[in-house]
Structures are given as C-alpha cells and as structure tokens.
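User: Please take a close look at a single part of this model, the open sheet and what lies against it, and then carry on to a helix further along the chain.

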Amino acid sequence: LRLLPAVMPSETSMAQAYREILARVVDDVRPHLLHAASDHANARAALEVGRRAGIPVAYEVRAFHEDTWLSRHGGEAARERDVYRWTRERHTEVMLAADLVTTLGESMRADIIERGVEPDRVIVVPNGVPLAYLDDVCESADARAALGLDREGFWVGSVATLHDAEGLDVMLDALAILRAEGIDARALLVGDGPALPRLRKLAHELAVPLVVPGRVPVSEVRGWFDALDVFAYPRLDTPLNRDVTGLKPLEAQARRRPVVGTDLPAVVEVLAPGAPLVPAGDADALARALG
C-alpha cells in the first residue's frame, strides 16, 4: 500500500497525516506486526500507531541516515552541528523504543547496541540477491560485446550512486598506475551522482578510458556486472562506510566477479573469504591488488 493523502499536507502537518493514514490501514488490515524501515520518521509513525493498537513494532535499520548526512556535509568537521546531533538523537530514540530492531550487518548491530539497545532485541538480517543473479552468467568479453563495448582490455569498475565517499577517484588513480605499467586498464562506472563530473575530469587528466552509461534498468544491470573483469569497492574510511554493509558487492559476487575492496569492517563482512583488501585511499595498494 502506498500511503499518500489525497492532498499533500504542509510540512508541519506531514507527520500527523502519516499517522492518521497508517492508523486507518491498521484498523482495516489488523496486522500482527508493524515493520518500519529506516528512517526514523517511518519508525516514529509506526510506534505511535502500534502502541495505540496494541501491535508490536519492529524497526529495520538499513542505514544510519545521520552518518549519510555527515558524509555529504563536511565529514567529521560537521559532527557537532545541530542537524547531525538532532538526527542521531531521533534515530536512537526509535531504536530504543522498538520491540525488535533488525539490521544488515554485525558492524551495524554493534553500533545499535552501543546506543543502549539490549543485544537480545537486535538481530542481523543481511542483504541478499535474487536467485536469478546466479543464472546465465556471461564471460566478461562476451558481455562487453553484447553491450557494444570493446571486448579487449582489462575492465574495472563499479555499479553505484556516484558519491565522493565511494572512493572511485582512488580507483581511477590505480588504473592510471596500471596503464603506466603497460596494462590496458579501463574504467566502467554504472550509475550517476554528484561525483560524476569530477570523476570524468579526473579520468581525462589521467588518460584512463572511462565509460559511464548512467543509470540502467534493474532488469538490465546484470549484464553490466558481467562486463567487468573486476568489481572495485574502494570506499573511503568514513563512519558510514565503516558500519553500513553494501548490496552491490554481493550482486557482483553472485555474478562471479572478483571484488577488490577497502579494509573496513562493513566491507570485509560482505566479501568472500580471501578477497583482496587494501587500505582506504591507497591507490598504489589498489593497483597492486588489481594487477
């Protein structure tokens, strides 16, 4: 059900409208459980409605939105700003109030417990991929040919929302090192985001061939995973990247693509045992791992 009012309320009335619409659905459906997914606004609505109806509430922490905000507004320098502190406090409040908290990984669970939530109320339900990801895997050169790309070369890249914290500039620096050593290294970035103009400029300056098809339909993304020889996951060392596990490395591995990642807890957690790990921000180490 999509909970949309007939007339969009003002910003100050939005939370009340959300609760009223959710309450009508609960009265009609009479569920045994309300399961709210982050952010805290969803959890707060579910908690109020659930308490009135006598229904337990589970809160699914898919991300720490306060750390997402931090990573895009100055990093550690912005930690003392009121927006960050307010968002973190509101997020912690709903975690403490929920009957059950689920989250994506052990690093995230540790953070939630550190905020005061009882350990026996926090369980990990990790990301997964559709079974279809395991079928009809294509050789990388054949996949590239099907997409109109060159069969030749050593293609490294990612499928991501292109933010600075993804560390894809480090990947381009590493590919430039490989090209200087005579390896025909090329970059493929599937997606879009605020870092893209800077990444295009950097690739041009480094003379690293870069293909960016933009956002692609979910139904077609498996072919772009297949086009890679190596999936790069060079995330920078930020609070968000240390704690929050990602989905795309799991999808890449389901397509049998090797993944080289940063040695951060949340990255290690989603990679296969023995996957190459490099220090965050170290282009030389990444080049050695890729080469």
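Analyst: Two strands count as paired if DSSP finds at least two bridges between them. The model is predicted, and in it four strands form an open sheet in the order β1-β2-β3-β4, with parallel pairing. The edges are taken by β1 (34-37) and β4 (122-124), and because each of these has a single partner strand, one side of each is left without a neighbour in the sheet. On average, neighbouring strands of this sheet are turned by 25 degrees against each other, direction ignored.

At the β1 edge, the partner is β2 (residues 57-61), which runs parallel to β1 and is joined to it by four bridges; within this part of the sheet, alanine 37 stands opposite glutamate 60 in β2.

Two helices lie across these strands. Helix α4 (residues 82-97) lies across β2 and β3 (100-103), and runs at about 135 degrees to β2, while helix α5 (residues 106-114) lies across β2, β3 and β4, running at about 170 degrees to β4.

Further along the chain comes helix α7 (residues 168-180), whose 13 residues should span 18 Å at 1.5 Å a residue, which agrees with the 19 Å between its end C-alpha atoms. Its buried residues include Leu168, Val170, Met171, Leu172, Ala174, Leu175, Ala176 and Leu178, and Asp169 is buried as well. The cover over the buried residues of α7 includes the strands β5 (154-159), β6 (185-190) and β8 (230-233), together with the helices α8 (196-206) and α13 (283-290). After α7 comes glycine 182, whose phi is positive, near 95 degrees.

Definitions and conventions: Residues numbered from 1 in each chain as written. Predicted model: local features only at pLDDT ≥ 70, side-chain atom pairs only at ≥ 80, totals over all residues. Heavy atoms only, no water. Axes fitted to C-alpha atoms, helices over the stretch in contact; angles between N-to-C directions. Contact = heavy atoms within 4.5 Å. Expected span 1.5 Å × (residues − 1). Buried < 20%, exposed > 50% of the residue type's maximum accessible area, 1.4 Å probe, protein only.
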